[in-house]
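Thanks, everyone. Let me put the model up, and then we can walk through it together.

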Amino acid sequence: MFLPCPLSLSPMSKKVRVRFAPSPTGGLHLGGVRTVLYNYLFARQNGGDFVLRIEDTDQSRFVPGAEEYIFTCLDWCGLHPDEDPHKGGPYGPYRQSERKSLYRQYAEQLVKSGHAYYAFDRPEELDSMRERFKTPNNPSPQYDHNVRMEMRNSCSLTLEEAETLLEDGVPHVIRIRMPENETVTFTDMIRGEVSFHTGLVDDKVLLKADGMPTYHLAVVVDDYLMKITHAFRGEEWLPSAPVHLLLWKYLGWGSSMPQWAHLPLILKPDGNGKLSKRDGDRLGFPVFAMNWTDPRSQELTKGFREIGFLPEAFVNLLAMLGWNDGTDQEIFTLEELISRFSMDRVHKGGAKFDFEKAKWFNHEWIKRSEIARLKPDVKKVLENKGVPVNNEAVLEKVIGLVKERCTLLTDFYEQSKFFFEAPAELDVDSVKPKWTNEKKVLFESFVAALKSPNGHASFEKWAAPELETGFKKLATDEGIKPGEVMMPLRVMLVGGKYGPGVFEIMETIGKEETVRRIEFAIHQFIK
RNA sequence: GCCGCGUUCGUCUAAGGGCUAGGACACCACCCUUUCACGGUGGUGAUACGGGUUCGAAUCCCGUACGCGGUACCA
């Protein structure tokens, strides 16, 4: 453990710790889950910890139920945190609203060291500043070194003035004082070296008037306090990275700053831009991991879980959106992903989300999954649709028979309901035109033979191959080509032109039910 | 506007100086199947553009275009 490490200055004993830090304001987006996944894979692969931290610093955006929803999503995906607000951990609390008292001291430390200042500007004053400095060439003026001295803050005011305002309890924020002319550079795990000119970045608010930190202060403080070693987040954070880098430095924690990785965005399938919930609604596919009902509007947004995705497939397809292991393999278990994942094979460019491919992943997973794995989910699908499932052995047999034709778990309803209840309606139109009295006679003798197999050796044993032999022989004996009556038989049993082999179906539903359905159907086909 | 990040078949991507630019989804055709699927075989289809560097560039450099992200007391 204490071997010299000549190639690296960072101690090898430093345990990998990563975090996912969502703000609980609604459903969990695809991209969010992928960020969780990459964090999780990286942590597991390195024997590290995966922390879930709730970033609820904006109280005006509080949405009841959103936090619980996140827990459930991660749970469904099988991406379990090692530390979170529920189970706690050595670095709690894990909800930023409960850490409120922590942040102020760091903000003030920055004020003392000259890297931040108090600002007393009221919202109207900020608006008017933006109005005043707005030009065609600068449509959105920033609060930066250019205007700093024209605003009401502890840089422009005298010490006495500022102190008076503070003592009088005038509402104020603390802003970082961005240097006017420096270059901040860091190495992103995905993008390599990235640099920024500090003079172009605004004086971000660190501590809000209500005493809550903004994201900028909170990430840095919490990542430090929680000993985070690698920080992965969406690409949309890249522009504010220089603020975070400087904060780590100014707070005196530079040597323990995590390594950053800014993940590429997940884009909408048509056109460009970040994939949003709206796109899903518009194009007819889910964007959230699970159903989400907005508590205010009661609007329901569909999720991958409810639409019939297996979590294994969901995780698999998310992993492949921006990463691959360099081989042609596309289907990975979580375990495989943990061993193969590597941050340096993560793409730089955003990926358009393709729902067709997503469904393909699910189909593959359904086909490859054991019947026992599928059983509880399929049972739930059928029960939700009111299909009576009273025989576990039959259910298992049915799953084996139909799983390769189910892309979504919900497809099991259409594909297997006729095993459990007689079809309510028959697709008579596909039989009627070619229906003849001879065929009717054939089915009548088929039923008779099934009822009393004497003389029909094939029907004594109730099994698909024998049933097929017997039925075809019977047809041939009656002078009818077997092919002519296969479709009618199928429609009688299934109700439509689909499903597994007809004789497999007969074998599964049993003699009584087979006879009942044929007898019922014969009358339906009469012209 | 400014700053940053990107750019290989329609989509996800492989190929990190030397290939007929490979795979997958989707699509098309055929085969299998007396249904629907599964499966099999084959096909259409891409290095944004312009300059360099090099014997040789999708790959390295520069520029252009385009796209995206950011530019809040939101994350």
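One term before anything else: a residue is called buried when its relative accessible area is under 20%. And a caution: this is a predicted model.

Start with helix α1. Of its 16 residues, 14 are buried, so α1 is largely enclosed by the rest of the structure. How far does α1 reach from its first C-alpha to its last? It reaches 22 Å, close to the 22 Å expected at 1.5 Å a residue. After α1 comes glycine 47, with a positive phi near 65°.

Now α2, residues 66–77. This helix has twelve residues. From first C-alpha to last it reaches 17 Å, close to the expected 16 Å. Is α2 mostly covered or mostly open? Mostly covered: nine of the twelve residues are buried. Among them are Tyr69, Ile70, Phe71, Leu74 and Trp76. What does the covering? The list includes α1, residues 30–45, and β2, residues 49–52. It also includes β11 (292–293), α9 (304–307) and α10 (311–319). Glycine 78 follows α2, and its phi is positive too, near 80°.

Next, the inside. A general point first: in soluble globular proteins, nonpolar side chains tend to be buried together. Here, the largest nonpolar core holds 116 residues. Which members touch the most others? Phe314, Phe353, Phe443, Phe446 and Leu489. The element that gives the most to this core is α1, with nine residues. Apart from this core lies another, of 40 residues. Leu110, Tyr118, Leu246 and Leu247 are among its members.

Let me zoom in on phenylalanine 314. Leaving out residues up to four places away in sequence, Phe314 touches Leu30, Val33, Trp76, Cys77, Ala289 and Phe304. Two of those names belong to α2: Trp76 and Cys77 are buried there.

Last stop, the largest pocket. How much space lies in it? About 1,300 Å³. Its lining has 44 residues. Nearest the centre are Ala21, Pro22, Ser23, Glu236 and Trp237. Four elements give two or more residues to the lining: β1 (17–20), α1, α6 (215–225) and β8 (230–234). Which of them gives the largest share? That is α1 again, with four residues. By type, the lining divides into 19 nonpolar, 13 polar and twelve charged residues.

To sum up, keep an eye on α1. It is largely enclosed, it gives the most to the largest core, and it provides the largest share of the lining of the largest pocket.

Key. Residues numbered from 1 in each chain as written. Chains lettered and ligands numbered in written order. Predicted model: local features only at pLDDT ≥ 70, side-chain atom pairs only at ≥ 80, totals over all residues. Heavy atoms only, no water. Expected span 1.5 Å × (residues − 1). Buried < 20%, exposed > 50% of the residue type's maximum accessible area, 1.4 Å probe, protein only. Contact = heavy atoms within 4.5 Å. Core = buried A, V, L, I, M, F, W, Y, C linked by side-chain atoms within 4.5 Å. 1 Å grid on protein atoms, 1.4 Å probe; cavity = no way out; pocket = protein on both sides within 12 Å on 5 of 7 lines; lining within 4 Å. Points joined across faces, edges and corners; volume = space filled by probe spheres on them. Nonpolar A, V, L, I, M, F, W, Y, C, P; charged D, E, K, R; others polar.
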